[in-house]
Amino acid sequence: LAPLLVLVAFVLAAAAVVPGTRLTARLHHPFVLAVKTWAFAHLIATGTLADFVLFASFLAWAIVDFASLRRRDRAAGTVYPPGRLSRDALAVGVGVAAWLVVGLWLHPLLIGVNPFR
């Protein structure tokens, strides 16, 4: 389950940097949602106290930050422009490619854990 949740997190993160996505128009802050999803995935996949403290901290920060950003948007009357499906497709492609690179190559190299085993 964790690798699939991290895939969703990578797509959300890509939607945050690809301009004009419908995901951003709908979710407003996809990068913070990506951090929430990534942290939750790692919480369910790891079991040490150190892992719990690290990923629970990221999750707590993202929950508070998302609520704060949504309140700020409502107070300011922020309207997100509608996105285009082609931009969403680009974000999905970038997210999947980044997920594969990190999961198959960088995570084992830098963290020492293969997330697909």
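**Entry on Leu-104 and its surroundings**

I began with Leu-104, which I found in helix H5; helices (H or I, at least four residues) and strands (E, at least two) are DSSP runs numbered from the N terminus. The model I am reading is predicted, so I note that local features need pLDDT of at least 70 and side-chain atom pairs count only at pLDDT 80 or more, while totals for chains, interfaces and linings use all residues. I also note that residues are numbered from 1 along each chain as its sequence is written, and that side-chain values use heavy atoms, with hydrogens and water left out.

Is Leu-104 buried or exposed? Its relative accessible area is 57%, so I write it down as exposed; buried means under 20%, exposed over 50%, and partly exposed in between, with a 1.4 Å probe and protein chains only. I then looked from Leu-104 to Phe-116, which stands 12 residues away in sequence, and the distance between their C-alpha atoms came to 7.8 Å.

Both residues turned up again in a nonpolar surface patch of about 920 Å². Its members are Leu-100, Val-101, Leu-104, Trp-105, Leu-109, Leu-110, Ile-111, Val-113 and Phe-116. Patches are made of residues with over 30% relative accessible area and no salt bridge, joining like charges within 9 Å and nonpolar side chains (Val, Leu, Ile, Met, Phe, Trp, Tyr) within 5 Å; the areas come from the Shrake-Rupley method with a 1.4 Å probe, and for residues only the protein chains shown count as cover. Another member of this patch that I looked up is Leu-110, which belongs to helix H5, covering residues 85-111. With a relative accessible area of 63%, Leu-110 is exposed.

**Entry on the whole protein**

I stepped back to the overall layout and counted 5 helices and 0 strands, so that reading from the N terminus on gives the order α-α-α-α-α. Along the principal axes, the C-alpha atoms occupy a box of roughly 45 × 30 × 20 Å. Of the 117 residues in the protein, 32% are buried.

**Entry on the salt bridges**

How many salt bridges does the structure hold? I found 2 of them, where a salt bridge is a side-chain nitrogen of Lys or Arg within 4 Å of a carboxyl oxygen of Asp or Glu. As a reminder to myself, side chains of opposite charge can pair when their charged atoms come close.

In one salt bridge, the side chains of Asp-88 and Arg-22 meet at 3.1 Å, N to O. Because Asp-88 lies in helix H5 and Arg-22 in helix H2, this pair ties together parts that are 66 residues apart in sequence. I compared the surroundings of the two partners: Asp-88 is buried, with a relative accessible area of 9%, whereas Arg-22 counts as partly exposed at 42%.

I also looked at the salt bridge between Arg-72 and Asp-73, whose closest N and O atoms are 3.6 Å apart. Here Arg-72 is partly exposed at 48% relative accessibility, while Asp-73, at 5%, is buried.

**Entry on the loops**

Between H1 and helix H2 (22-27) there is a loop that holds Val-18, and at 9% relative accessibility I record Val-18 as buried. I looked for its distance to Leu-90, which is 72 residues away in sequence, and found the two C-alpha atoms 7.6 Å apart in space.

Which backbone angle caught my eye at His-28? Its phi is near 75 degrees, a positive value in a residue other than glycine, and His-28 sits in the loop between H2 and H3. That loop between H2 and H3 also contains His-29, which is buried with a relative accessible area of 11%. From His-29 I went 11 residues along the chain to Phe-40, and their C-alpha atoms are separated by 17 Å.

My last stop was Arg-84, in the loop between H4 and H5; it counts as exposed, at 52% relative accessibility. Arg-84 and Leu-4 are 80 residues apart in sequence, and I read a C-alpha to C-alpha distance of 25 Å for them.
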